[in-house]
Amino acid sequence: MMIKTVNLQKVFRTDEVETWALNNVNIEIQEGEFVAIMGPSGCGKSTLLNILGLLDNPTGGEYRLNGEDVSTYTEAQRTALRKGVIGFVFQSFNLIDELNVYENIELPLLYMGVSASERKRRVEDAMNRMAIAHRVKHFPQQLSGGQQQRVAIARAVVTNPKLILADEPTGNLDSKNGKEVMDLLTELNKEGTTIVMVTHSQHDAGYADRVINLFDGQVVTDVTL
């Protein structure tokens, strides 16, 4: 079992109001699955993804990653565990404008302390795989949206993560580039990478093995396709 949540809760509190973003969410995701998480805006999809990606802790309940309860990890512990285990792909690409394609992809390897020769090999492999090697010296603002998302996926896979979390990965792309991105994610999944994707798109959800629907912070359906 790669991912298991038990009565997962996330509550955002201010002086006047208490908002339950997640209310006793129970899900299980096996290694190698491709799972889409759907639901209306504000239903808790991104909050759930942030917790699964160790970007945030739950307010209550358990989150087990590879059998380990990580619910109460400190930020330093979460950061250490993310390295090389989880890759992220965002709707807005989240590339660094001041870095070129090569440097953006290389960045997570620098954080992991990978040697220069190994970094070079891995970055070149990732660029070739995503068909962006010809853009190696270009900066994000010199690339189309589809090319930027390819760079973002290359950055996500360069660490050989077991899990990729994708938040609306085609949200800023036209249909052609969107299809290419979904085909790339499908290919990674076929090679054994577990993928959890938040999407509003029924079309994109069709690439997944399962669709989990959230509503008001709760799982309302969990359907195997």
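Gln218 sits in between buried and exposed: in this predicted model the residue is partly exposed, with a relative accessible area of 36%. Its place is in strand S10, which covers residues 218-224. Leaving aside residues up to four places away in sequence, Gln218 touches Asn23, Val25 and Asn213. Lys45 is worth a look here too: 173 residues separate Lys45 from Gln218 along the chain, yet in space their C-alpha atoms are 9.8 Å apart.

Now for Lys10. Is this lysine buried or exposed? Lys10 is buried, because its relative accessible area is 10% and the cut-off for buried is under 20%. You'll find Lys10 in strand S1, which takes in residues 3-13. The side chain of Lys10 has a polar partner, Asp56, and the contact between the two side chains is 3.3 Å. Asp56 also turns up in the list of residues that Lys10 touches, again not counting those up to four places away in sequence. That list includes Thr19, Trp20, Ala21 and Leu22, then Thr47 and Ile51, and then Asn57, Pro58 and Thr59.

Here are the two residues side by side.

| Residue | Relative accessible area | Status |
|---|---|---|
| Gln218 | 36% | partly exposed |
| Lys10 | 10% | buried |

As for the wider setting, an unreviewed UniProt entry lists residues 6-225 as "domain: ABC transporter". In the model, that span is 34% helix and 28% strand. The C-alpha atoms at the two ends of residues 6-225 lie 24 Å apart.

Notes. Residues are numbered from 1 along each chain as its sequence is written. This is a predicted model: local features need pLDDT of at least 70, side-chain atom pairs count only at pLDDT 80 or more; totals for chains, interfaces and linings use all residues. Side-chain values use heavy atoms; hydrogens and water are left out. UniProt positions are given in the numbering used here, feature names are shortened, and annotations may be inferred rather than shown by experiment. Helices (H or I, at least four residues) and strands (E, at least two) are DSSP runs, numbered from the N terminus. Buried means under 20% relative accessible area, exposed over 50%, partly exposed in between (1.4 Å probe, protein chains only). Contact means heavy atoms within 4.5 Å. A polar contact is a pair of N or O atoms within 3.5 Å; within protein, one must be able to donate a hydrogen and the other to accept it, and residues adjacent in sequence count only if both atoms are side-chain atoms.
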